[in-house]
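Q: I'm new to reading protein models and I'd like a close look at one part of this one. Could you take me through its pockets and what sits around them?

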Amino acid sequence: TNPDTEEITGETYGPLKVLCEQEVIQQFSRNSLIIRPGVIVGPYDPTDRFTYWVNRISQGGDVAAPGNPDQPVQFIDGHDLAEWILLLLDKQTTGVFNAIGFNEPITMGSMLETCSTVSQSNANFIWLLEKFLLDNNVAPWKEMPIWLPVESEGGLGHIDNVRATEAGLTFRLLHTTVSDTLKWINEERQADAPWKAGITRDRERQLLEMYSK
């Protein structure tokens, strides 16, 4: 990617981030701190990627779930990230860190089940095969947040966070993150605010009907 690139797309986003890191290291050498947080979740998340699942599952009923429930997923609660950054700054820590969860693997299935447990919903997960989703033009990451097809996953869900945990990064329980997010949805998020990620209920019903035939 050319450093003069100004248009941010799916193809240029990652390479431009790398160029930014390289520039920081070149200018500040060993005095730099570079944090790669991945997907940040929790209350006030403007992307709705994780929030969609918490909200949709709390409503119960048949829920369209993507691909393989055993597919690993990684993200980080914004509270954990903020607390850790302050710790690093206080210690004047330098280096490059992958700030992403968790200590123990979390799968798409366990994430959705935790959302159901916390919200005490009657959600029934219908796991739609990856090929079915792609054949029906269901947009990974956008319509099915946190999910990417296996062939295009590119290592997501398997990112090494050892250096970060050794530098003091800790993770609250997924149960806590879901609970905090649900509380925010119910008490503070505007009821009529448009959702920036996830499928509509009509689209979900259509997919489930097609899948059952």
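How much space lies in the largest pocket?

A: About 860 Å³ of space lies in the largest pocket. Keep in mind as we go that this is a predicted model.

Let's start with the walls. The largest pocket has 28 lining residues, and those nearest its centre are Tyr13, Lys17, Gly38, Val39 and Leu156. If you go looking for helices and strands that give two or more residues to this lining, you'll find helix H1 (13-28) and strand S4 (72-73). H1 is the top contributor, with five residues. What about the chemistry of the walls? Sorted by class, the lining has 14 nonpolar residues, eight polar ones and six charged ones.

Strand S4 deserves a stop of its own. Val73 lies in this strand. Its relative accessibility is 5%, and since buried means under 20%, Val73 counts as buried. Who are its neighbours? Leaving out residues up to four places away in sequence, Val73 touches Phe102, Ile106, Thr107, Met108, Met111, Ile146 and Gly157. You can also use Val73 as a ruler: its C-alpha atom is separated by 12 Å from that of Ile40, and the two residues are 33 apart along the chain.

One of those neighbours, Met108, has a number that falls within helix H4 (residues 108-119). Ser116 lies in that helix too. With 10% relative accessibility, Ser116 counts as buried. Its contacts, again not counting residues up to four places away in sequence, are Ile57, Ser121, Ala123 and Phe125.

Now for the other pocket. The second largest pocket has a volume of about 180 Å³. Its lining is made up of Tyr52, Asn55, Arg56, Gln59, Trp195, Ala197, Gly198, Ile199, Thr200 and Arg201. Helix H2 (residues 49-58) gives the most here, with three residues. By class, that lining splits into four nonpolar, four polar and two charged residues.

Two names in that lining, Arg56 and Arg201, lead us on to charge pairs. Side chains of opposite charge can pair when their charged atoms come close. The count for this protein comes to nine salt bridges. Let's begin in helix H8 (residues 201-212). There, the side chains of Arg205 and Asp202 meet in a salt bridge, 2.5 Å from N to O. These two are three residues apart in helix H8, so about one helical turn separates them. Arg205 is partly exposed, at 43% relative accessibility, while Asp202 counts as exposed, at 55%. And here come our two lining residues again: Arg56, Arg201 and Glu204 are joined into one network by salt bridges that share partners.

Helix H5 (residues 130-135) has a pair as well, with Asp135 and Lys131 both in it, four residues apart, about one turn of the helix. In their salt bridge, the closest N and O atoms are 2.7 Å apart. Lys131 is exposed, with a relative accessible area of 60%.

A further pair links separate stretches of chain. Glu143 forms a salt bridge with Arg203, and the closest N and O atoms are 3.3 Å apart. Glu143 lies in the loop between H5 and helix H6 (162-166), whereas Arg203 is in helix H8, so this pair ties together parts that are 60 residues apart in sequence. Are these two buried or exposed? Both Glu143 and Arg203 are buried.

Finally, let's step back to the whole protein. It has eight helices and eight strands. Along its principal axes, the C-alpha trace spans about 60 × 35 × 35 Å. For 213 residues, a compact globule would have a radius of gyration near 17 Å; this protein has 19 Å, which agrees. Buried residues make up 42% of the 213 residues, with Val73 and Ser116 among them. As for how the chain meets itself, take the contacts between residues at least 6 apart in sequence: 80% of them join residues at least 24 apart.

Technical notes:
Residues are numbered from 1 along each chain as its sequence is written. This is a predicted model: local features need pLDDT of at least 70, side-chain atom pairs count only at pLDDT 80 or more; totals for chains, interfaces and linings use all residues. Side-chain values use heavy atoms; hydrogens and water are left out. On a 1 Å grid over the protein atoms alone, a cavity is a set of points where a 1.4 Å probe fits but cannot get out, and a pocket is an open set with protein on both sides within 12 Å along at least five of seven lines; lining residues have an atom within 4 Å of a point. Grid points are joined across faces, edges and corners, and a volume is the space filled by probe spheres set on the points. Ala, Val, Leu, Ile, Met, Phe, Trp, Tyr, Cys and Pro count as nonpolar, Asp, Glu, Lys and Arg as charged, and the others, Gly among them, as polar. Buried means under 20% relative accessible area, exposed over 50%, partly exposed in between (1.4 Å probe, protein chains only). Contact means heavy atoms within 4.5 Å. A salt bridge is a side-chain nitrogen of Lys or Arg within 4 Å of a carboxyl oxygen of Asp or Glu. The radius of gyration is taken over C-alpha atoms; the globule rule is 2.2 Å times the number of residues to the power 0.38.
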